[in-house]
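Student: Could you take me closely through one part of this predicted model, working outward from a single side chain to the elements around that residue?

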Amino acid sequence: FPMDTQRCPLKLGSFGYTTSDVIYRWNTHRQIVIAADMKLSQFDLIAAPSGSENTSRDKHEYSTLLASFYLQRRMGNFLIQVYGPCMLLVVLSWVSFWLNREATADRISLGVMTVLTMTFLGLDARVDLPRVSYSTALDLFVWISFVFIFATIIE
């Protein structure tokens with residue numbers, strides 16, 4: 001995340017009628033039709049393959065239609081909201097290298113300001129995202145940026 005792709009499978013079928021009663025098949029001329037003006041706010045639809053299969057359940061066989069929607073996440077929002085500001089904060093923290101060595105208070109205040117801003121940005125980046133138990137690429141990028149900024153203060 002956020003450089004991921006998603007596969008959303010869809011199965012359509014009947015649990016009341018077996019294959020001896022009904023068999024589902026896609027129309028060969030018109031399988032899955034995606035509206036030309038369809039737009040998703042966070043994703044681009046890459047592909048939508050389809051097929052059919054027979055599923056066995058409770059000693060009976062049922063006919064099902066299969067469709068998968070492959071989606072790729074758009075990164076524009078994350079570039080503007082997280083990646084760009086993180087990079088700018090890291091560069092801003094480097095300004096302390098050009099300050100005079102005797103201006104300790106200025107260097108510390110600049111470092112503390114960038115650390116606090118980076119902390120706020122890192123916490124704010126996760127607010128609208130689903131809670132997961134693993135680290136994402138976005139978390140890793142924020143932590144590496146934080147380490148660069150903190151290393152500037154230590155120097």
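Tutor: Setting aside neighbours within four places in sequence, Leu138 is in contact with Phe1, Pro2, Phe78, Val82, Tyr83, Ala125 and Leu129. In this predicted model, Leu138 also belongs to the largest nonpolar core, which has 14 residues, and is listed with Val82, Cys86, Met118 and Ile149 among those that touch the most other members. Three helices, H1 (76-93), H2 (104-125) and H3 (137-154), each supply at least two residues of this core, and the largest share, six residues, comes from H1.

The packing of H1 against H3 deserves a closer description. The axes of these two helices lie 8 Å apart and meet at an angle of about 15°; because angles under 35 degrees count as roughly parallel, H1 is roughly parallel to H3, and their crossing is left-handed. On the H1 side the contact is made by Phe78, Val82, Tyr83, Cys86, Met87, Leu89, Val90 and Ser93, while H3 contributes Ala137, Leu138, Phe141, Val142, Ser145, Phe148, Ile149 and Thr152. Leu138 is thus one of the H3 residues in this contact, and Phe78, Val82 and Tyr83, which are among its own partners, are included on the H1 side.

As for annotation, an unreviewed UniProt entry places the feature "domain: Neurotransmitter-gated ion-channel transmembrane" at residues 83-155. In the model, that span is 70% helix and 0% strand, and its end C-alpha atoms lie 24 Å apart.

Methods
Residues are numbered from 1 along each chain as its sequence is written. This is a predicted model: local features need pLDDT of at least 70, side-chain atom pairs count only at pLDDT 80 or more; totals for chains, interfaces and linings use all residues. Side-chain values use heavy atoms; hydrogens and water are left out. A nonpolar core is a set of buried Ala, Val, Leu, Ile, Met, Phe, Trp, Tyr and Cys residues joined through side-chain atoms within 4.5 Å. Buried means under 20% relative accessible area, exposed over 50%, partly exposed in between (1.4 Å probe, protein chains only). Helices (H or I, at least four residues) and strands (E, at least two) are DSSP runs, numbered from the N terminus. Contact means heavy atoms within 4.5 Å. UniProt positions are given in the numbering used here, feature names are shortened, and annotations may be inferred rather than shown by experiment. Axes are lines fitted to C-alpha atoms, for helices over the stretch in contact, and angles run from 0 to 180 degrees between N-to-C directions. Angles under 35 degrees count as roughly parallel, over 145 as roughly antiparallel, 65 to 115 as roughly perpendicular and the rest as oblique. A crossing is left-handed if the near helix is turned anticlockwise from the far one by less than a right angle, and right-handed if clockwise.
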